[in-house]
Amino acid sequence: NTEDFDVLKNFIISNKIELVIIGPEKPLVDGIVDFLEKNKIKVFGPNKTASQLEGSKIFTKKLCEKYNIPTAKFGIFKNSNDAFKFIGQTNYPIVIKADGLASGKGVYICENINEARIAVKEIFDGKFGLAKNLLIEEFLDGEEMSYFIISDGKTIKKFETAQDHKRVLEG
């Protein structure tokens, strides 16, 4: 159970595990790295704050905006009424995203207002968990990629790019 940090800590200690590498996003977002470091266990992974880059699309967009990092134009909506007003006045296609972890799901590319209304309704109705906000952004055509680095806060190690390809016809 990756949500029970104390059980994990006891397992790590009792099995004399020297280094823990965290893979799943949810424990990272929940602060497992901070917890293990506090308990003097060597761990590799982003801390709770850095994990918000993956854990909250809105956190990441606000960070891009604050530091002038190029990103698609966007709006943040706290309720379906405001989102419906916006999608009635926008150009299509648009992208609608559930905030928070959605296991690679939770992103809709909407070609028209009907698709957008369905996306807003599904997100606020909890299809991907409790949604306090959703993100609507302009559609950017092209390939998506990630660029990875590792930092200890002083030095940076660069890695190559990676692309995430989804399975076809999963709905």
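# A tour from helix 1 to a surface patch

Select K9, which is found in helix 1, residues 5-14. The model is a predicted one, and K9 is a place to begin in it. Show the side chain of K9: this lysine is buried, yet has no salt bridge. Now add D6, the nearest side chain of opposite charge, which lies 4.0 Å from K9. Next, display F35, N39 and I41; K9 is in contact with these residues, once its neighbours within four places in sequence are left aside.

**Whole chain**

Zoom out to the full protein. Colouring by secondary structure brings up 7 helices and 8 strands. Along the principal axes, the C-alpha atoms fill a box of roughly 60 × 35 × 35 Å. The protein has 171 residues, and 28% of them count as buried. Turn on the surface: about 12,300 Å² is exposed, with carbon and sulfur atoms supplying 52% of that area. For contacts between residues at least 6 apart in sequence, 47% join residues at least 24 apart.

**The largest core**

Hide the surface and select I87, I94, I96, C110, I123, L134 and I136. These residues have the most contacts inside the largest nonpolar core, which has 16 residues. Which helices and strands each supply at least two residues of this core? Select helix 6 (80-87), helix 7 (113-124), strand 4 (94-98), strand 5 (107-110) and strand 6 (134-138) to see them. Helix 7 gives the most, with 4 residues.

Stay in this core and centre on I94. Apart from neighbours within four places in sequence, I94 is in contact with I87, Y108, I109, C110, A116, I136, E137 and F139.

**The second core**

Now move to a separate core, this one of 11 residues. Select I12, V20, I41 and V43, which are among its members. I41 has already come up on this tour, as one of the residues in contact with K9.

**The surface patch**

Bring the surface back and select L19, I21, F44, F148, I150 and F159. Together these residues make a nonpolar surface patch of about 570 Å².

Finish on F148, in strand 7, which covers residues 146-151. Is F148 buried, partly exposed or exposed? Its relative accessible area is 44%, so F148 counts as partly exposed. Why can F148 be part of the patch? Patch residues need over 30% relative accessible area, and F148 has 44%.

Definitions and conventions:
Residues are numbered from 1 along each chain as its sequence is written. This is a predicted model: local features need pLDDT of at least 70, side-chain atom pairs count only at pLDDT 80 or more; totals for chains, interfaces and linings use all residues. Side-chain values use heavy atoms; hydrogens and water are left out. Patches are made of residues with over 30% relative accessible area and no salt bridge: like charges are joined within 9 Å, nonpolar side chains (Val, Leu, Ile, Met, Phe, Trp, Tyr) within 5 Å. Accessible areas come from the Shrake-Rupley method with a 1.4 Å probe; for residues, only the protein chains shown count as cover. Buried means under 20% relative accessible area, exposed over 50%, partly exposed in between (1.4 Å probe, protein chains only). Lys and Arg count as positive and Asp and Glu as negative; His and the chain ends are not counted. Contact means heavy atoms within 4.5 Å. A nonpolar core is a set of buried Ala, Val, Leu, Ile, Met, Phe, Trp, Tyr and Cys residues joined through side-chain atoms within 4.5 Å.
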